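Q: Could we go through a protein structure together? I would like to begin with the inside and then turn to charged pairs and the backbone.

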Amino acid sequence: MKGKARRGISLVLAAGLLAGLAGCAGQDDGKTTIELLSYKMEAVDLFNDLAAQFNAENPDLNLVISSPNEAMTILKTRLVRNDPPDMVGLGGDVDFSNLVDADMLMDISDYPGLAQVKESYLEIDKQLELVPADGVFAVPYMANAAGVLYNGELFDRHGWQVPETWSDFMALCQEIQAAGIAPFTFGYKDTWTCLAPWNALAVDLTDTELFSRVSLGEDSFANAYSQVADKQYQLLQYSGNDAFSYGYNDACTAFARGQAAMYPIGSYAIAQIKSVNPDMDIRSFVMPGSDNLEENVLNSGIDLQFVVIKDTQNKEACYRVLEFFQRAENVQRYMDEQTAVSCQEGDFTLSPHLAGMEPYLDAGRLADFPDHHYPSEMGADAMIQTFLINGDKASFLSRFDTNWTRYSRDTIAKQKAYYEALEKEGA
């Protein structure tokens, strides 16, 4: 209870701090203040530098970027209080879905910079809409990619080949194990890490229409996720550590110290691994979840995108901020500092750690993280962890369907009403 109380107090204080910050900035005579609330705490220094550069180039504007703890919780509080920022930097996930559904975001279809965004990431945003909406509501900026990180030095020394199918992958695990080396490290003590292999396998073995089909009663997760569950469970036998006693940092450290040849995780882990072993030869490949090569796609989702709050009085100024962030040199700088994947079209240099994923990025062979569609209340990560511990697949998949129905009740009702209306129009 004390923890909850302290968290509540900190949120109130943070909200007050942000409001005060915006108020102070608004006192600059002759300048229009644009406030951007960002959830990317790890990029705060970069954002501060970019804001300073933008303000130097635009003497009529004052861009203020705030990157607090619990940014999305603070945003919801401020929206309720009718004290929104002008812009928000957030991920392509259920928070974005809910903002679109609540009609809080500006339709920016007229923003010219959308032509610079890769179509695959614009499509991901449309898929995130709970009910299809007319318009464009975000500028996808940076993505991440999840698959398998591997120790390049170990692979070169032993002559191991990057697998392209599930059968090849399992054969590789056996080969690595026979050499006396652990194929994998996992950090499943932190439940969210269970989602990394899950997502990467699910995009190979299911499709993006699954969520609508389940909501409309045309399919079930018990049916669609059976193979995904089997294959993630199979990976456990090749772990070099007790997967449930290691957390995320433990697994990153184990991989960095050469205690495992591979680590099924996202590109976001590279910085943590390099903090332990700066000289490590980290490479990557796409999770080969299927034996049908054509079904294997890269798990890549929007890690950062910018939205404009519908009620802002500073639309033109917000567009100038977007244009600034989309400059090629600023895109490349963010990519370099955050080991990120650009959502922008252009000749950008991808981190060499992600070179194994580049052909999939270039071809647009990618699919969003399935957990971006799961309501947070359903606790998908904890359910997956429990299944991996006890192996009870039937109960796990049944609960997945039950929790989806329970926590998506409003969304399911809206989707059914939407498609029923379409049928009536077509009748």
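The conversation below takes up these topics in turn.

Q: Before we start, what kind of model is this?
A: This is a predicted model.

Q: Thanks. Which residues touch the most other members of the largest nonpolar core?
A: They are Phe-96, Tyr-121, Ile-273, Phe-306, Phe-325 and Tyr-334, in a core of 81 residues. Helix 14, which spans residues 315-325, supplies the largest share of this core, with seven residues.

Q: Is there a general reason to look for such a core?
A: In soluble globular proteins, nonpolar side chains tend to be buried together.

Q: Okay, and what is Phe-325 in contact with, leaving aside its neighbours within four places in sequence?
A: Phe-325 is in contact with Leu-36, Phe-47, Leu-50, Ile-65, Tyr-141, Phe-306, Asn-330 and Val-331. One of these, Phe-306, is also listed with Phe-325 among the residues that touch the most other core members.

Q: How many residues are in the second core?
A: The second core is separate and has 50 residues, including Val-148, Tyr-150, Phe-169 and Ile-384.

Q: Let us talk about empty space. How many cavities of 30 Å³ or more are there?
A: The structure has one cavity of that kind. The space in the largest cavity comes to about 30 Å³.

Q: What lines the largest cavity?
A: Its lining consists of Thr-185, Phe-186, Gly-187, Tyr-188, Thr-193, Tyr-263, Pro-264 and Ile-265. Five of these lining residues are nonpolar, three are polar and none is charged.

Q: Changing topic: how many salt bridges are there?
A: The count is 20 salt bridges. As a general point, side chains of opposite charge can pair when their charged atoms come close.

Q: Which residue forms a salt bridge with Arg-327?
A: The partner is Glu-57, and the closest N and O atoms of the pair are 2.6 Å apart. This pair links distant parts of the chain, since the two residues are 270 residues apart. Arg-327 sits in the loop between helix 14 and helix 15, whereas Glu-57 belongs to helix 2.

Q: How accessible are those two?
A: Arg-327 counts as partly exposed because its relative accessibility is 31%. Glu-57 is also partly exposed, with a relative accessible area of 37%.

Q: What about Lys-126 and Glu-129, where do their side chains meet?
A: They meet in a salt bridge, with 2.7 Å from N to O. Lys-126 is partly exposed at 31% relative accessibility. Glu-129, at 9%, counts as buried, because buried means under 20% relative accessible area.

Q: Any other salt bridges to note?
A: Arg-213 and Asp-219 form one through their side chains, at 3.2 Å from N to O. Arg-213 is partly exposed, at 23% relative accessibility. In addition, Glu-35, Arg-78 and Asp-83 are joined in a network of salt bridges.

Q: Last topic, the backbone. What is special about phi in Glu-70?
A: Glu-70 has a positive phi of about 55°, although it is not a glycine. For context, most residues other than glycine have a negative phi.

Q: Where does Glu-70 lie?
A: Glu-70 lies in the loop between strand 2 and helix 3. Its relative accessible area is 37%, so Glu-70 is partly exposed.

Q: And Thr-339, is it buried or exposed?
A: Thr-339 counts as buried, because its relative accessibility is 15%. Thr-339 has a positive phi as well, near 50°, and is found in the loop between helix 15 and strand 9.

How values were computed:
Residues are numbered from 1 along each chain as its sequence is written. This is a predicted model: local features need pLDDT of at least 70, side-chain atom pairs count only at pLDDT 80 or more; totals for chains, interfaces and linings use all residues. Side-chain values use heavy atoms; hydrogens and water are left out. On a 1 Å grid over the protein atoms alone, a cavity is a set of points where a 1.4 Å probe fits but cannot get out, and a pocket is an open set with protein on both sides within 12 Å along at least five of seven lines; lining residues have an atom within 4 Å of a point. Grid points are joined across faces, edges and corners, and a volume is the space filled by probe spheres set on the points. Ala, Val, Leu, Ile, Met, Phe, Trp, Tyr, Cys and Pro count as nonpolar, Asp, Glu, Lys and Arg as charged, and the others, Gly among them, as polar. A nonpolar core is a set of buried Ala, Val, Leu, Ile, Met, Phe, Trp, Tyr and Cys residues joined through side-chain atoms within 4.5 Å. Buried means under 20% relative accessible area, exposed over 50%, partly exposed in between (1.4 Å probe, protein chains only). Helices (H or I, at least four residues) and strands (E, at least two) are DSSP runs, numbered from the N terminus. Contact means heavy atoms within 4.5 Å. A salt bridge is a side-chain nitrogen of Lys or Arg within 4 Å of a carboxyl oxygen of Asp or Glu.
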